[in-house]
Each structure stands twice: as C-alpha cells, then as structure tokens.
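Work through the exercises below with the sequence and the 3D view open. Each task is followed by a solution in steps.

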Amino acid sequence: MELLTIKGKNLNTTVYRGFASIKDIATISAPDTFKQDSNPDGLQRDLSKKHSRDGYHYAELAQKVPDRPRLWPEVIINVRDSSVIDKPQPVDGQPNLFKIVVHEDRIDKNPDRRPQISRTDGNHRLFYGEGDPTLERAPLDVSTPFSLTIGLTELEEAALFVDINDNLMSMNTSHLYHLLTRFTPSEDLVSNEPALWIAN
C-alpha cells in the first residue's frame, strides 16, 4: 500500500499527513488495548462497541447521503516497527511531499501481539473500518485524513494520548440539540425526536 503524505511539524513533532480510505488505515493499524493482566502497558481503553458502531454509521452515510457534508478529525497512527514500511521517499523533488510504502504482508494481525502500527487516536472510528461479516458490515471505502508518526516510543504515544483526551472540553448538550433542530426538518423531529420538537 502506498500513502501519499505531506511531511511537516505538528507543534514539535514530525508527522506525515494525508488521506486514505478508512478500510486501508484500519487494515494496517491496530489498537494497543490496555488489559490488567495480559497487557498492562497497553494504550487504548476498553472499546465501546456502541461508539464504534456510531462512528461506522456516520462514515457509511457519507457514501449513502453524499449531499450532506460529513467529516471527522484526522486519526493518528504511529509506526512502532519500521520494518513494515520503506523509508519515506520525496516525490518529484517536492520538499514536503513524501510517499510511504506500507508492506501489508509484514504486518502480523495476531490480536495477542502488540501492534506494529498503533492507533494513537481514532480507534473507535477505525474499529469497524475493515468491515465485519458477522454483523454484515462492509469495509468502509471512504476517505479519511490521517496523521502518521514514525518511531514514537510507547511512553511518548501514551503522553500524546493523555494530552489529546485530557484536553477535550465537553460540548453543552443543549447547544448541540439546538443546532440539531436547525438542520432537521420539523416533520422528522416530530416523528423521531418529539421531545426535542416540543422543546424547540
């Protein structure tokens, strides 16, 4: 798999940013899930399958309802094992444009193994990206932005995970519901969200 990226600095960290299909990013990466006994150094919290299903549904509707704009923030992945990629190569002499070749055949998808390309942030968005035949979910062949780091230590990754998740401020839900009423037709609110329609 080839990823076309722009190399730059995000604050003080070198990153390669680009776009790829959700299924491709999900295929090459894996979560490093914390488990008290078997993986006490893991990064990710326990997965919320509902949160992952909601993310899948949101991205899936980007394909099915193309006239409504949808987007989400970039996912962040870290190459822990540089043997699964070729060294990033500049493209056509462009100073910041780089091609990264990922060797999928070198990636060990054994769930008991620590990931070679870790999901620093975005695991819930990527979890069903490859699809799930048991739940009749097709792979998500829709583009998403990504930010890729190479060679961050697990402690550096953990620090970024804390920074990203600790600095988020929850949005006031009443404000979100107010915005929802602005772009949802009244007849849909009446049938799907009657309490919200009455409140509005």
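**Exercise 1. A salt bridge in a loop region**

Task: Find the distance between the salt-bridged side chains of D108 and R113, and state how accessible each residue is.

Solution.
Step 1. The side chains of D108 and R113 form a salt bridge with an N to O distance of 3.9 Å; a salt bridge here is a side-chain nitrogen of Lys or Arg within 4 Å of a carboxyl oxygen of Asp or Glu.
Step 2. D108 is partly exposed at 38% relative accessibility, and R113 is partly exposed at 37%. The classes are buried (under 20% relative accessible area), exposed (over 50%) and partly exposed in between, with a 1.4 Å probe and protein chains only.
Step 3. Note the basis of these values: the model is predicted, local features need pLDDT of at least 70, side-chain atom pairs count only at pLDDT 80 or more, and totals for chains, interfaces and linings use all residues. Residues are numbered from 1 along each chain as its sequence is written, and side-chain values use heavy atoms, with hydrogens and water left out.

**Exercise 2. Other salt bridges**

Task: Say how many salt bridges the whole structure has, then place the pairs K109–E130 and E60–K64.

Solution.
Step 1. The search of the whole structure gives 14 salt bridges.
Step 2. K109 and E130 are joined by one of them, at 3.9 Å from N to O. K109 is in the loop between strand 5 (97–101) and strand 6, while E130 is in the loop between helix 3 and strand 7 (143–150), so this pair ties together parts 21 residues apart in sequence. Helices (H or I, at least four residues) and strands (E, at least two) are DSSP runs, numbered from the N terminus.
Step 3. K109 is partly exposed at 42% relative accessibility, and E130 is partly exposed at 37%.
Step 4. In the E60–K64 salt bridge, the closest N and O atoms are 3.3 Å apart. Both residues belong to helix 2 (residues 49–64), and because they are 4 residues apart there, about one helical turn separates them.
Step 5. E60 is buried at 18% relative accessibility, whereas K64 is exposed at 57%.
Step 6. A network of salt bridges links D32, R80, R114, E154 and E157.

**Exercise 3. Two buried polar residues**

Task: List the polar contacts and neighbours of R125 and N78.

Solution.
Step 1. R125 lies in helix 3 and is buried, with 17% relative accessible area.
Step 2. A polar atom of the R125 side chain is 2.5 Å from the backbone oxygen of P73. The R125 side chain also makes a polar contact of 3.3 Å with the side chain of D121. A polar contact is a pair of N or O atoms within 3.5 Å; within protein, one must be able to donate a hydrogen and the other to accept it, and residues adjacent in sequence count only if both atoms are side-chain atoms.
Step 3. Leaving out residues up to four places away in sequence, R125 touches I22, W72, P73, E74 and V75; contact means heavy atoms within 4.5 Å.
Step 4. N78 is in strand 3 (residues 75–79) and is buried at 0% relative accessibility.
Step 5. The side chains of N78 and E157 make a polar contact of 3.1 Å. With residues up to four places away in sequence left out, N78 touches residues including Q116, I117, T149, L152 and E157.

**Exercise 4. Positive phi angles**

Task: Locate L11 and D92 and give their phi values.

Solution.
Step 1. L11 is in the loop between strand 1 (2–10) and strand 2 (13–21); its phi is near 55°, a positive value in a residue other than glycine.
Step 2. D92 is in the loop between strand 4 (89–90) and strand 5. Phi of D92 is near 50°, again positive in a residue other than glycine.
Step 3. L11 is exposed at 83% relative accessibility, and D92 is exposed at 72%.

**Exercise 5. The whole chain**

Task: Describe the elements, burial and contacts of the chain.

Solution.
Step 1. The chain has 7 helices and 7 strands, in the order β-β-α-α-β-β-β-β-α-β-α-α-α-α from the N terminus.
Step 2. Of the 200 residues, 36% are buried.
Step 3. Among contacts between residues at least 6 apart in sequence, 70% join residues at least 24 apart.
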